[in-house]
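Hi,

Here is the structure I said I would pass on. Have a look at it first, and then read my notes below.

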Amino acid sequence: MMKYTENYGSAPLSRDTVAAIMWAGPVMLSPAAQVNEAIERVRQAGLPQPGMNSCYVVAEDGVLLGALSLRDLLLNGGGIQVGTIMTRPFVTVQPEDDQELAAQLMDEFDLLELPVVDSGNRLQGVVTADDAMSVLTEEATEDMEVMNAITPSERPYLETPAVRLFLSRIPWLLLLMLSAAFTGGIIAHFEDALAAQAALTAFIPMLMDTGGNCGSQSSVTVIRGLSLGQIRFGDWLKVVWKELRIGFLCALTLAAVNLFRLQLCGTPLDVAAVVSLALGVTVMIAKLIGCTLPVAAKKLGFDPAVMASPFITTLVDGVSLLAYFRLAVRLLEM
């Protein structure tokens, strides 16, 4: 047996659809067939591949009615009709559905096999747990590459030419380099303030690093929730509220510890207070950006992983510096 082709009907389907991974030709039985007849059918026809252990009960027109495992056949009497012992499938997918959806459903409902039906509920094939695991592995790898500003590649690292790896990385690096000019512009704009209070310069790396890390934490958590189907666009207010509470606790803790540390180091109280306040504001802003951008990207049809580090880090850097210098100018009267 072979997997289903990428052409379903007359319209070509993407390699990312269920049709590209499902197995065609599962064992199909009539609801009137007896158990002993079903067992003989399995012996003669076999199963499409070793990972499958279910037979599917269909009507004369191919409409899926139910399923039963080989264990069900072996534990019931030979004269019993399969229609009386089958289990009605409560989860199905269609050939044009996304592979990741099928894998998520199998993971959510703890399924070893997932029937694939057409718009008329006629059985077309089956997705197995092995296929679902491969899809989840590929998706996780792709998300990891995108989150680290690398264009995903389907070829193994050692088999991929260096030039191809270069081409997959350089567009992101160019984009991030140009976006970093925004940060440089902010520093240049507040050059006079830095000249008046040179000590402020020493705290820029800490603020940028902390903000980037906080934004990355939030974005990775939200992206994982989106990938697993645990977070929907309608949940964005709940996500923002939760991250704001987390951000407030993190901001309070980090600002207090930083204020204490700077006082031990002999930093003037006014400067230490401004830096600590800016740190707290930065954390709150970073948490807000980190949780909202992936949700917005998902709603707009983009891959949420694109909004992860380092893109969010670059954005948070600029916003945190702007908040830092604004606070410094206002509170230190520079």
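Let me start with helix 9 (residues 269-299) and helix 10, which pack at an angle of about 150° with their axes 9 Å apart. Keep in mind throughout that this is a predicted model. Angles over 145 degrees count as roughly antiparallel, so that is the label for helix 9 and helix 10. Their crossing is right-handed.

Which residues make this contact? From helix 9 there are V274, V275, L277, A278, V281, T282, I285, A286, I289, G290, L293 and P294, and they meet I312, L315, V316, V319, S320, A323, Y324, L327, A328 and L331 in helix 10. Sorted by class, that contact between helix 9 and helix 10 comes to 19 nonpolar residues, three polar and no charged.

Helix 10 (residues 311-331) has another partner to look at, helix 7: the two axes come within 8 Å and cross at roughly 135°. That angle makes helix 7 and helix 10 oblique to each other, since it lies outside the ranges for roughly parallel, roughly perpendicular and roughly antiparallel. The crossing of helix 7 and helix 10 is right-handed. On the helix 7 side, the contact is made by I204, L207, M208, G211, G212, G215, S216 and S219; on the helix 10 side, by I312, T313, V316, D317, S320, L321, Y324 and F325. The class count for helix 7 with helix 10 is eight nonpolar, seven polar and one charged.

If you click through the residues of helix 7 (residues 204-227), stop at S219. Is S219 buried or exposed? With 0% relative accessibility, S219 counts as buried. A polar atom of the S219 side chain lies 3.0 Å from the backbone oxygen of S216. S216 and S219 are both among the helix 7 residues that contact helix 10.

Back in helix 9, two residues are worth a click. One is V283, which counts as buried because its relative accessibility is 0%. Leaving out residues up to four places away in sequence, V283 touches T210, C214, G247, C250, A251 and L254. V283 and G212 are 71 residues apart in sequence, yet their C-alpha atoms are 8.8 Å apart in space. G212 is one of the helix 7 residues in the contact with helix 10.

The other is L293, also part of helix 9. L293 counts as partly exposed at 21% relative accessibility, because buried means under 20%. The C-alpha atoms of L293 and V222 are separated by 9.5 Å, with their positions 71 residues apart along the chain. L293 is also among the residues of helix 9 that meet helix 10.

Now to a separate part of the chain, helix 3 (99-109). D98 caps the N-terminal end of helix 3, with a side-chain oxygen 2.7 Å from the backbone nitrogen of E100. E100 is itself one of the buried residues of helix 3, which are Q99, E100, A102, A103, L105 and M106.

What happens just after helix 3? There D110 takes a positive phi of about 55°, although D110 is not a glycine. Why did I flag that? Most residues other than glycine have a negative phi. D110 sits in the loop between helix 3 and strand 6 (113-117), and D110 is exposed, with a relative accessible area of 68%.

N121 goes on the list too: N121 has a positive phi of about 65° and is not a glycine. The place of N121 is the loop between strand 6 and strand 7 (123-128). N121 is partly exposed, at a relative accessible area of 31%.

Finally, some totals for the chain. The protein chain has 10 helices and seven strands. It has 334 residues, of which 41% count as buried. Among contacts in the protein chain with a separation of 6 or more, 64% are between residues 24 or more positions apart.

That is what I have for now. Send me your comments when you have had a look.

Cheers

Terms used. Residues numbered from 1 in each chain as written. Predicted model: local features only at pLDDT ≥ 70, side-chain atom pairs only at ≥ 80, totals over all residues. Heavy atoms only, no water. Helix = DSSP H or I, 4+ residues; strand = E, 2+ residues; numbered from the N terminus. Buried < 20%, exposed > 50% of the residue type's maximum accessible area, 1.4 Å probe, protein only. Polar contact = N/O pair within 3.5 Å; in protein donor to acceptor, adjacent residues only side chain to side chain. Axes fitted to C-alpha atoms, helices over the stretch in contact; angles between N-to-C directions. Parallel < 35°, antiparallel > 145°, perpendicular 65-115°, else oblique. Left-handed = near helix turned anticlockwise from the far one by under 90°. Contact = heavy atoms within 4.5 Å. Nonpolar A, V, L, I, M, F, W, Y, C, P; charged D, E, K, R; others polar.
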